[in-house]
Structures are given as C-alpha cells and as structure tokens.
Amino acid sequence: RVSTDDGCDSNIVFNVTIQPAPVPNFSGPSTVCHSKSYDYSTTATTGHGYRWFATGGVIIGSDSSASVKVLWGSPGNSQLTLVETNLNGCDSLITQNILVRPSPITIISGVDEVCEFSTHSYSVSPQADYTYQWFVTGGTIVGSSTQSQVTISWGTAQTAEVRIRVVSGLGCDSTMALPVNINLRPTPEIDGKSFACVNVPS
C-alpha cells in the first residue's frame, strides 16, 4: 500500500508461489576403513541436479551424479555432503558423519633370495585381534596359512611371491606382498677318469 501527502493511496498485490525444496537422502556406509573406496548413492529424480562434497576423502570420478565413489583418507571423523537441486532451482543439503578406521600396517619379515627346493619361514608382527591369510606363488605352504608366521617350501627357479592379507578386529584389511627370487642350485661336476688301477695314483 502506498499513500501520498494529500491522503491518496493505492494497493498492489503480488502473488508469490513458494516452491517445495527437495528432501535429499543417500545410502552408503558411515563406518569405513582408511585408504579404501566406498560407493554412495541417492534415488535419482528426473530433472534434479546433484553435487557431492567429501571432507577427509577424495571423490573418484564425477561429483555431480546420483551416485559417487569416495576414497577415504586419514583415520578419524570425516563427512560426506549431498546438495540436491530441483527443477524450480530450490536446493537442500544433507550431511552424514563418516568414521574412518585405521587399516592394519603390515610388513613381511623373511628372505627374498632363496635356493630352489629350500624351505624358509616368513612372519608379520602378531596382534591379538587380527586374522591372517597367507598366499604363495612359486612354492607350497607347509602347515598353517592363517597364523602370523608361515613356512614355505619353494619350488623351481623363478620369480615368486609370498603375500598376506591381514584383517584387524575393527574389520579393516590390508595386503602386503614380498617378491622372492628363487635361484638355481649349482650342479657340481667332477673331472677325471671314471676308473683306476690298484696301487696306481690317478
């Protein structure tokens, strides 16, 4: 309503349509492991736009579709945010807290230069709540393959490998491999006559 000094006035009505904002939501794990990638997604709506933001992680590939892959970084508290925009230009966001758990650090102890058909032991530092699984190429595991130590009988000369997968009590895993060079054994030869006479030096 507008009024002048001489008492005249007039009104104008301007109608405003309040458009609904989208209600974003997405699915995916909220507890993850360090240096592992995970998928997150929302139900796609035709004509809607999407934008993802990761705090404490790196988005792999597109950040503007209905799904996203995130590689999570250092252990601790992180966040994933989705901003959804509808056809009317209205937008809303949702943020989910992400707990990043540490992955086990694994170092294999043992020799990496061996002779063919020899037997050697390899180990990692044992942890009470860890599980272990050993794998080998170019040799055979002797005894258990699910302890912190393993015994391997190596085969013929070749480039081989011993590998272990370790899973922590929190469910995070890591894999470590140790290349092993299997060397040929020498083949001894004796030079000389294959016969001799009694009481005659050869």
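Two strands are counted as paired if DSSP finds at least two bridges between them. With that criterion in mind, this tour of a predicted model begins at a sheet.

**The open sheet.** Select strands 10, 16, 15 and 12, which form an open sheet in that order, with mixed pairing. Strand 10 (113–115) and strand 12 (131–137) stand at the edges; each has a single partner strand, so one side of each lacks a neighbour in the sheet. On average, and with direction ignored, neighbouring strands here are turned by 30 degrees against each other. Next, display strands 12 and 15 alone: they run antiparallel and are joined by seven bridges. Within this pairing, V136 stands opposite V162 of strand 15.

**The disulfide.** Now select C33 and C172. Their sulfur atoms lie 2.1 Å apart and form a disulfide, and the structure holds one such link. The pair connects distant parts of the chain, 139 residues apart: C33 belongs to strand 3, whereas C172 lies in the loop between strand 15 (158–167) and strand 16 (173–183). The link is left-handed, with -90 degrees about the S-S bond. Both cysteines, C33 and C172, are buried. For contrast, select C90, which is partly exposed because its relative accessible area is 22%, and then C115, partly exposed at 35%.

**Salt bridges.** The structure holds five salt bridges; three may be visited here.

Begin with D173 and K36, whose closest N and O atoms are 3.5 Å apart. This pair also links distant parts of the chain, with D173 in strand 16 and K36 in the loop between strand 3 and strand 4 (37–41), 137 residues apart. D173 counts as buried, at 17% relative accessibility, while K36 counts as partly exposed, at 25%.

Move next to D63 and R51, whose side chains meet at 3.0 Å, N to O. D63 is in the loop between strand 6 (57–60) and strand 7 (67–72), and R51 is in strand 5 (residues 49–55), twelve residues away. R51 is partly exposed, at 40% relative accessibility.

Then select E161 and R163, which form a salt bridge with closest N and O atoms 3.2 Å apart. Add R165 to the view together with K36 and D173: salt bridges with shared partners join these three residues into one network.

**The nonpolar patch.** Finally, show the surface and select F14, V16 and I18, which make a nonpolar patch of about 430 Å². V16 lies in the loop between strand 2 (9–10) and strand 3 (31–33), and V16 is exposed, with a relative accessible area of 62%.

Key. Residues are numbered from 1 along each chain as its sequence is written. This is a predicted model: local features need pLDDT of at least 70, side-chain atom pairs count only at pLDDT 80 or more; totals for chains, interfaces and linings use all residues. Side-chain values use heavy atoms; hydrogens and water are left out. Patches are made of residues with over 30% relative accessible area and no salt bridge: like charges are joined within 9 Å, nonpolar side chains (Val, Leu, Ile, Met, Phe, Trp, Tyr) within 5 Å. Accessible areas come from the Shrake-Rupley method with a 1.4 Å probe; for residues, only the protein chains shown count as cover. A salt bridge is a side-chain nitrogen of Lys or Arg within 4 Å of a carboxyl oxygen of Asp or Glu. Helices (H or I, at least four residues) and strands (E, at least two) are DSSP runs, numbered from the N terminus. Buried means under 20% relative accessible area, exposed over 50%, partly exposed in between (1.4 Å probe, protein chains only). A disulfide is a pair of cysteine sulfur atoms within 2.5 Å. Axes are lines fitted to C-alpha atoms, for helices over the stretch in contact, and angles run from 0 to 180 degrees between N-to-C directions.
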